[in-house]
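Okay, thanks everyone, let's get started. I'll put the model up and talk you through it.

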Amino acid sequence: MAQFRRARRLDPIEVSEILTIGAKAAEMKREGAPVIILGAGEPDFDTPEHIKEAAAAAMRAGETKYTALGGTLALRQAIQAKFQRDNGLDYALDEIVAGTGAKEILFDAFMASLNPGDEVIVPTPYWTSYSDIIRIAGGEPVLVPCGDDTGFRLTADRLEAAITPRTRWLLLNSPSNPAGVGYSAADYQPLLEVLLRHPDVWLMADDMYEHITYGSFEFATPAQVEPRLKDRVLTVNGVSKAYAMTGWRLGYAGGPKALIDAMKVVQSQSTSHPSSISQAAAVAALNGPQAVLAERRDSFQARRDLVVEALNAMEGITCPVPEGAFYTFANCAGLLGKRTPEGQVLETDADFCAYLLDQHHVAVVPGRAFGISPYFRISYATSEAELREALSRIGGAVAALR
Ligand code: PMP
């Protein structure tokens with residue numbers, strides 16, 4: 001039998017625990033267990049009708065051919081208008097690139113900028129893909145723990161301490177996956193001041209959850225907060241979360257032309273460009289009516305309140321109130337050392353999550369998958385009825401511990 005030899009570049013990459021848990025939960029479901037999956041990072045809503053219509057119209061009009069590298073003129077104009085409208089940021093058309101999801105944008109940016117051993121500072125907890133994309137691109141993620149003691153936010157001191165002569169990037173995500181933490185303009189300011197003192201460190205701002213924010217929190221983005229940094233900031237965004245378009249695979253960024261050009265070199269030899277049909281859909285999303293954003297935000301906020309209140313009522317769990325995104329990231333330190341009715345002592349957050357899935361049929365993701373313990377993430381992008389049932393099971397599971 002032929003032996004497949006995997007490239008060494010994949011050696012440091014692990015299969016994401018989110019995927020492993022998702023696969024196990026799906027398998028249990030297929031076998032008939034009533035599993036509720038609170039793992040997926042995607043809105044349960046459907047893509048708005050006018051966006052689907054625009055895609056269908058584009059297909060009928062023959063927009064089914066290769067497009068320009070980095071996106072069509074119409075799409076880059078829509079992105080340019082979005083940055084002006086929402087963020088007060090002026091990017092020229094050649095300072096904008098669209099890709100196959102924000103994931104491709106991050107991938108292209110790191111591939112285009114990292115040499116072996118170059119470091120990227122990633123506050124932890126972080127979206128699991130960050131560290132692996134950085135490693136695939138040959139870089140070293142420098143994980144800086146930021147637990148609930150700092151409200152899951154990076155502090156200026158910790159940033160300063162993490163910077164070395166090898167640091168190329170700081171990667172920030174607000175509102176964040178998995179903690180739902182938002183950096184206001186005031187939260188950003190001390191960090192951006194540190195960067196002003198380190199002219200070789202660039203900043204990648206992952207704004208994917210920009211439109212999913214709650215209460216009085218006001219979204220801000222670094223290039224807008226500190227214009228003196230704009231020439232070394234990549235502002236990353238996409239339509240996946242805002243417009244419930246995860247499957248369309250369309251993300252984008254604005255940044256300095258030299259970086260954007262290098263990213264296009266990577267794109268030119270991988271995807272060429274995002275799907276022409278998804279590009280037409282994204283034009284409709286960005287240029288079309290925006291009322292849908294507020295409607296969905298209200299609905300997410302009601303679910304957030306439901307989840308946070310229920311979790312905080314459980315002994316041994318504390319859950320800060322997220323400013324955005326559709327995740328809660330609760331501390332479960334108070335449960336460790338306790339014994340399940342089956343006689344197992346919970347030693348880690350992963351033990352607790354396995355107990356929830358195996359005995360109570362609720363799939364959530366341990367903090368470990370996001371680089372910090374002991375926590376667990378709930379994705380509340382699902383119906384209120386399902387959330388209520390899941391929370392009642394989690395409550396029962398916690399109450400059964402001794
Ligand atoms: N950034 C963050 C923080 C995310 O959570 C995700 C999706 N899970 C992405 C980027 C990538 O989104 P997409 O590739 O669908 O645009």
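**Two domains and a helix**

So, 32 residues of domain 1 are in contact with 32 residues of domain 2, where contact means C-beta atoms, placed from the backbone, within 7 Å. Keep in mind that this is a predicted model: local features need pLDDT of at least 70, side-chain atom pairs count only at pLDDT 80 or more, and totals for chains, interfaces and linings use all residues. Residues are numbered from 1 along each chain as its sequence is written.

On the side of domain 1 that touches domain 2, α11 (291-312) and β9 (327-331) each supply at least two residues; helices here are DSSP runs of H or I, at least four residues, and strands are runs of E, at least two, numbered from the N terminus. The largest share, six residues, comes from α11.

As for the bounds, domain 1 is 8-46 + 292-399 and domain 2 is 63-289, taken from an automatic or database domain assignment. Their C-alpha centres lie 26 Å apart.

Now, helix α13, residues 384-399. Which of its residues are buried? They're Leu387, Ala390, Leu391, Ile394, Ala397 and Val398, with buried meaning 20 or more other C-beta atoms within 10 Å of the residue's own, exposed 12 or fewer, and partly exposed in between, C-beta atoms being placed from the backbone. These buried residues cover an arc of only 120° around the axis, so they sit on the same side of α13; the arc is that of the directions from the helix axis to the C-beta atoms. They pack against β1 (36-37), α11, α12 (349-360) and β10 (362-363). Turned away from that buried side, the other face carries exposed Ala385 and Ala399.

Methods: Two residues are in contact if their C-beta atoms, placed from the backbone, lie within 7 Å.
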